[in-house]
Amino acid sequence: MAPSKNSTALRPEVHFPPVQNGMDYLRSVVTHLTWRPYRARKPNPGPEQLKYAVLHLQAASEVLLKARLLHEHWSLVFQDPGKANRKKFEEGDFTSCGLRETVKRLSDIAGVDIGEAARRALEDLAASRNALQHYGLTDSAAAVEARAASVLDFLLAFVEGQLLPQLSEADAADVEFELGIVTEGVTEIKQFVKARMDRLSRKELKRFKNQTVKCPSCKQWALVVDGDGPRCLVCMYKWESWEWEDLPGYYKRSVQGMRADEIGDHIAACPQCNMRTLTSGVSVARAPERHFQFCFRCGSRA
């Protein structure tokens, strides 16, 4: 007998509470970043895998951070909590706060300190996601993997420390199971990021330690500036001549978390190459604990 129109037997419910929903996104991220072509020995994600890794990691970040706000109070996820409406919240008919405001509310209201490094990693991820959605993103697998590993590390610790204690025993058990799977994937991602850096350190980077700084894109000590145009040996991105004077500001914002209105006083004309690319407070791979005036065009330092 065919099921009646009122039967729900063939209509399974979609049920993803916030934390479980976030974990589902994280599982998707590691699946895409550890994707192997048929019979390939090593992960080699293609453009489609990288695209969905970025999109799903951004979604996971927003869902999981807002899940902690929800625990504080449901109105806090509204863009304007003063106009929060319970009926609209339950129907999902509202505009929620953005990632930056979510982080601010977690700190100011919930007392959850995200940390400067994690905040910068989340903002870099949001910028990548926006570029992908609106303009199309061209990036290397290495850059996406390195940035994703930092965000994944943070989110795993956030789930364990901030969200698991708020869940029921049954829900916590489900999330802990997912945490194990995601952690295994993150470990694999970090291993091949590290293997790539070790290989570079033994060969190319060993010759350029005085001219190598942390890359503002992938955050690895792999941006070589030797007068031949700044290039990252991990991202494989080479800055073109029209980008050289923008690179110091990008470095200050992305690597050091400096506000745009603070950057100008830290950049000057280089006496060696005459370009406005001499930047104060920059560390090089040979002496990461020290700070120099470093030129992002010719690699000279003082």
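A residue counts as buried when its relative accessible area is under 20%. That cut-off is used in the views below of this predicted model.

**View 1. Glutamine 20 in helix H1 of the predicted model.** Helix H1 spans residues 18-33, and glutamine 20 is part of it. Is glutamine 20 buried or exposed? Its relative accessible area is 16%. The cut-off for buried is under 20%, so glutamine 20 is buried. Which residues does it touch, once neighbours within four places in sequence are left aside? Glutamine 20 is in contact with Asp171 and Val175.

**View 2. Proline 45 in the loop between H1 and H2.** Proline 45 sits in the loop that links H1 to helix H2 (47-72). Its relative accessible area is 7%, so proline 45 is buried. Tryptophan 35 lies 10 residues away along the chain. The C-alpha atoms of proline 45 and tryptophan 35 are 5.3 Å apart. Neighbours within four places in sequence aside, proline 45 has contacts with six residues: His32, Leu33, Trp35, Leu50, Ala141 and Glu145. Trp35 thus appears among the contacts of proline 45.

**View 3. Arginine 202 and a positive surface patch.** Helix H7 covers residues 169-202 and includes arginine 202. How large is the relative accessible area of arginine 202? The value is 58%. Exposed means over 50%, so arginine 202 is exposed. Which residues form the positive surface patch? They are Arg41, Lys42, Arg199, Arg202 and Lys203.

**View 4. The whole protein, as a setting for the close-ups.** How many helices and strands does the protein have? There are 9 helices and 6 strands. The C-alpha atoms fill a box of roughly 80 × 55 × 35 Å along the principal axes. The protein has 302 residues, and buried residues make up 44% of them. Take the contacts in the protein with a separation of 6 or more: residues 24 or more positions apart account for 57% of these.

**View 5. Surface and charge across the protein.** About 16,800 Å² of the protein is exposed. Carbon and sulfur atoms supply 49% of that area. The side chains include 42 positive and 38 negative ones. How far apart are the centres of the two sets? They lie 7 Å apart. Arg202, from View 3, is one of the residues in the positive surface patch.

Key
Residues are numbered from 1 along each chain as its sequence is written. This is a predicted model: local features need pLDDT of at least 70, side-chain atom pairs count only at pLDDT 80 or more; totals for chains, interfaces and linings use all residues. Side-chain values use heavy atoms; hydrogens and water are left out. Patches are made of residues with over 30% relative accessible area and no salt bridge: like charges are joined within 9 Å, nonpolar side chains (Val, Leu, Ile, Met, Phe, Trp, Tyr) within 5 Å. Accessible areas come from the Shrake-Rupley method with a 1.4 Å probe; for residues, only the protein chains shown count as cover. A salt bridge is a side-chain nitrogen of Lys or Arg within 4 Å of a carboxyl oxygen of Asp or Glu. Lys and Arg count as positive and Asp and Glu as negative; His and the chain ends are not counted. The place of a charge is taken as NZ of Lys, CZ of Arg, CG of Asp or CD of Glu. Helices (H or I, at least four residues) and strands (E, at least two) are DSSP runs, numbered from the N terminus. Buried means under 20% relative accessible area, exposed over 50%, partly exposed in between (1.4 Å probe, protein chains only). Contact means heavy atoms within 4.5 Å.
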